[in-house]
Amino acid sequence: MRALKRSTSTAVILAALAGTAALATATPASAASYHCKTSSHSVDDPSYNGPDSDNWDFDVTLCAMRSGGYIYTTATVYWDGPYTAKNRNTYTFNNAKFQLQTKKSVRGTDPVVKSGTYTGLEHALEHSSSHGNGSYSTGTLKHKAGTGRYLADGYIQLDWSGDGKSYRSPILFTASPVV
C-alpha cells in the first residue's frame, strides 16, 4: 500500500511540476504588441544662414496596435539638431507640432479616423541637449476598430522664428505597418 501511495504522490507532484512549467513558458495568444516603422528626414533651418551647420535630422517612429476591439497609435520623434541649437534655444521656433493620425487602410487614399495635435514638440526641440539632440513622445490615440485594417501616420510642421513665414509644408514620414 505504501508503494501505491508513493507512486500516486510522485505522479501528482510530476503533473503539478509539468503544469507549472507549461504555464511558465506559455505566452498568451491574445498578447498584442505595437507594429512600428521608423523613417528619417533632414530639414534646413531657413532662418539661419551663418557659418555653422543648421540642419535638423529627424527620425520618427510611428506605431499601431490592435487590442480588445480598439486601435492604438502613437509616435516618437528623435532628432539630431545642430550643436548651435543650445545657443539659440527658445528663439529657434515660433511653433512646432506633431500631427498623429489613425487611418483606415483602404484602396486609394487612407481616410483619417482619429487625429491628435501635439504642440509640446516645440518646447522639446528648443530644450535639446547640449549637443542638439532629443526626443519627444506623443500621447496614444485610441479608436474603436471596425472591420478592416488600420495604421498610424503623422507629420511634423515647423514655424521657424525669424523667417517671416508661418508653418512650413508638413514634413512627412512613413506610416506604420497595418494592423
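## Exercises on strands, bridges and a core

Thr102 stands opposite Lys114 in β5. That pair opens the first exercise. The model is predicted.

**Exercise 1. Find how β4 and β5 are joined, and which residue between them takes a positive phi.**

Step 1. Locate the strands. β4 covers residues 93–105, and β5 covers residues 112–118.

Step 2. Read the direction. The two strands run antiparallel, and 6 bridges join them.

Step 3. Place the opening pair. Lys114 in β5 faces Thr102.

Step 4. Look at the turn. The hairpin has 6 residues between its strands. Gly108 takes a positive phi there, near 95°.

**Exercise 2. Work out the order of the strands in the open sheet, and name its edge strands.**

Step 1. Recall how sheets are held. Strands of a sheet pair through backbone hydrogen bonds, either parallel or antiparallel.

Step 2. Write the order. The open sheet has 4 strands, in the order β5-β4-β8-β9, with antiparallel pairing.

Step 3. Find the edges. β5 and β9 (171–172) are the edge strands, as each pairs on one side only.

Step 4. Check the pairing of β8 with β9. These antiparallel strands are joined by 2 bridges. Across from Leu172 in β9 stands Tyr155.

**Exercise 3. Find the disulfide, give its handedness, and state whether each cysteine is buried or partly exposed.**

Step 1. Count. The structure holds 1 disulfide. It joins Cys36 to Cys63, with 2.0 Å from S to S.

Step 2. Place both ends. Cys36 is in strand β1 (residues 35–44), and Cys63 is in strand β2 (residues 55–67). The pair links distant parts of the chain, 27 residues apart.

Step 3. Use the torsion. About the S-S bond of Cys36 and Cys63 it is about 115°, so the disulfide is right-handed.

Step 4. Compare accessibility with the cut-offs. Buried means under 20%, exposed means over 50%, and partly exposed lies in between. Cys36 has 38% relative accessibility, so Cys36 is partly exposed. Cys63 has 9%, so Cys63 is buried.

**Exercise 4. Find the salt bridges, and say why one of them ties together parts that are 50 residues apart in sequence.**

Step 1. Count. There are 2 salt bridges in the structure.

Step 2. Take Asp153 and Lys103. Their side chains meet in a salt bridge, 2.9 Å from N to O. Asp153 lies in strand β8 and Lys103 in strand β4, so this pair ties together parts 50 residues apart in sequence.

Step 3. Check burial for that pair. Asp153 counts as buried because its relative accessibility is 13%. Lys103 is also buried, at 14%.

Step 4. Take Arg168 and Asp163. They form a salt bridge whose closest N and O atoms are 2.9 Å apart. Arg168 has a relative accessible area of 28%, so Arg168 is partly exposed. Asp163 has 15%, so Asp163 is buried.

**Exercise 5. Place Leu121 and Leu125 in the largest nonpolar core.**

Step 1. Start with the core itself. It has 29 residues. Phe58, Trp79, Phe98, Leu121, Leu125, Ile156 and Leu158 touch the most other members. β2, β3 (70–80), β4, α3 and β8 (149–160) each supply at least two residues of this core.

Step 2. Locate Leu121. This residue sits in helix α3 (residues 120–126). Leu121 is buried because its relative accessibility is 0%.

Step 3. List what Leu121 touches. Beyond neighbours within four places in sequence, its contacts are Val77, Trp79, Ala96, Lys97, Phe98, Tyr136 and Ile156.

Step 4. Add a distance. Gln157 is 36 residues from Leu121 along the chain, and their C-alpha atoms are 9.7 Å apart.

Step 5. Turn to Leu125. With neighbours within four places again set aside, Leu125 contacts Trp56, Phe58, Trp79, Phe93, Ala96 and Leu158.

**Exercise 6. Describe the whole protein by its elements, its burial and its contacts.**

Step 1. Count the elements. The protein has 3 helices and 9 strands. From the N terminus they run α-β-β-β-α-β-β-α-β-β-β-β.

Step 2. Gauge burial. The protein has 179 residues, and 37% of them count as buried.

Step 3. Consider the surface. About 10200 Å² is exposed, and carbon and sulfur atoms supply 53% of it.

Step 4. Consider the contacts. Take those between residues at least 6 apart in sequence; 68% of them join residues at least 24 apart.

Conventions:
Residues are numbered from 1 along each chain as its sequence is written. This is a predicted model: local features need pLDDT of at least 70, side-chain atom pairs count only at pLDDT 80 or more; totals for chains, interfaces and linings use all residues. Side-chain values use heavy atoms; hydrogens and water are left out. Buried means under 20% relative accessible area, exposed over 50%, partly exposed in between (1.4 Å probe, protein chains only). Contact means heavy atoms within 4.5 Å. A disulfide is a pair of cysteine sulfur atoms within 2.5 Å. Two strands pair if DSSP finds at least two bridges between them. A nonpolar core is a set of buried Ala, Val, Leu, Ile, Met, Phe, Trp, Tyr and Cys residues joined through side-chain atoms within 4.5 Å. A salt bridge is a side-chain nitrogen of Lys or Arg within 4 Å of a carboxyl oxygen of Asp or Glu. Accessible areas come from the Shrake-Rupley method with a 1.4 Å probe; for residues, only the protein chains shown count as cover.
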